[in-house]
Amino acid sequence: MTQPKYLSDMQQEVDDYISQFKAGYFSPLAQLARLTEETGELAREINHYYGEKAKKTDEIPKTVEEELGDVLVVLLIMANSLDIDLTKVFEDNMKKFYARDSHRFERVDEEKSMN
């Protein structure tokens, strides 16, 4: 059984991969274009699986999981090139969400206490 990878492990693996090529990391603008492209492909798969748009019979089968993975890898690449620690970003964002949104939505535990 393999050990789970943390964001820092993923970022390091991506850096190790990119570092073997002379081109290195692309510019932030090129990476944003790539992230937008991958997000569009994810949207297309979501629309095929959960929306009204059926796949064409000659389309190569892809999955939401595969497209979400592409978005994740491009995001890791972009974070690395900008020297952003995604673990810290995640922790900071969760603190923000807990503080800002703790009473924004109806909570599951509130539903139980009403019965």
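Biologist: In which helix is the place of Gln31?

Modeller: The model is predicted: local features need pLDDT of at least 70, side-chain atom pairs count only at pLDDT 80 or more, and totals for chains, interfaces and linings use all residues. Residues are numbered from 1 along each chain as its sequence is written, and side-chain values use heavy atoms, with hydrogens and water left out. Helices (H or I, at least four residues) and strands (E, at least two) are DSSP runs, numbered from the N terminus. The place of Gln31 is in helix H2.

Biologist: How far does helix H2 reach from its first C-alpha to its last?

Modeller: Helix H2 covers residues 28-50 and has 23 residues. The expected span of a helix is 1.5 Å times one less than its number of residues, which for H2 comes to 33 Å. Close to that expectation, the helix reaches 32 Å.

Biologist: Is Gln31 buried or exposed?

Modeller: Buried means under 20% relative accessible area, exposed over 50%, and partly exposed in between (1.4 Å probe, protein chains only). Gln31 has a relative accessible area of 4%. Gln31 is therefore buried.

Biologist: Which helix is included in what covers the buried residues of H2?

Modeller: The buried residues of H2 are Gln31, Leu35, Glu38, Leu42, Glu45 and His48. Contact means heavy atoms within 4.5 Å. Leaving aside neighbours within four places in sequence, Gln31 is in contact with Tyr25, Phe26, Val74, Ile77, Met78 and Ser81. What covers the buried residues of H2 includes helix H3 (64-81).

Biologist: Which residue offers its backbone nitrogen to a polar atom of the Gln31 side chain at 3.2 Å?

Modeller: A polar contact is a pair of N or O atoms within 3.5 Å; within protein, one must be able to donate a hydrogen and the other to accept it, and residues adjacent in sequence count only if both atoms are side-chain atoms. The backbone nitrogen lying 3.2 Å from the side chain of Gln31 is that of Met78.

Biologist: Which residue has a backbone oxygen that the side chain of Ser81 reaches?

Modeller: Ser81 lies in helix H3 and is partly exposed, because its relative accessibility is 27%. Not counting residues up to four places away in sequence, Ser81 touches Tyr25 and Gln31. At 2.9 Å, the side chain of Ser81 reaches the backbone oxygen of Met78.

Biologist: How many salt bridges are there?

Modeller: Side chains of opposite charge can pair when their charged atoms come close. A salt bridge is a side-chain nitrogen of Lys or Arg within 4 Å of a carboxyl oxygen of Asp or Glu. One of them joins Glu13 and Lys5 at 2.3 Å, N to O; Glu13 is partly exposed at 44%, and Lys5 is partly exposed at 48%. By this rule the salt bridges number six.

Biologist: Which residue meets Glu38 in a salt bridge?

Modeller: Glu38 is buried, with a relative accessible area of 5%, whereas its partner is partly exposed at 40%. Both lie in helix H2, four residues apart, about one turn of the helix. The bridge spans 3.5 Å, N to O, and the partner is Arg34.

Biologist: Which residue forms a salt bridge with Glu59?

Modeller: The closest N and O atoms of this pair are 2.9 Å apart. The pair links distant parts of the chain, 15 residues apart, with Glu59 in the loop between H2 and H3 and its partner in helix H2. That partner counts as partly exposed, at 31% relative accessibility. The residue is Arg44.

Biologist: How much accessible area do Ile46, Tyr49 and Tyr50 have together?

Modeller: Patches are made of residues with over 30% relative accessible area and no salt bridge; like charges are joined within 9 Å, and nonpolar side chains (Val, Leu, Ile, Met, Phe, Trp, Tyr) within 5 Å. Accessible areas come from the Shrake-Rupley method with a 1.4 Å probe, and for residues only the protein chains shown count as cover. Ile46, found in helix H2, is partly exposed at 35%. With Tyr49 and Tyr50, Ile46 forms a nonpolar surface patch of about 360 Å².

Biologist: What is the phi of Asp83?

Modeller: Most residues other than glycine have a negative phi. Asp83 lies in the loop between H3 and helix H4 (86-101) and is exposed, with a relative accessible area of 73%. Although Asp83 is not a glycine, its phi is positive, at about 55°.
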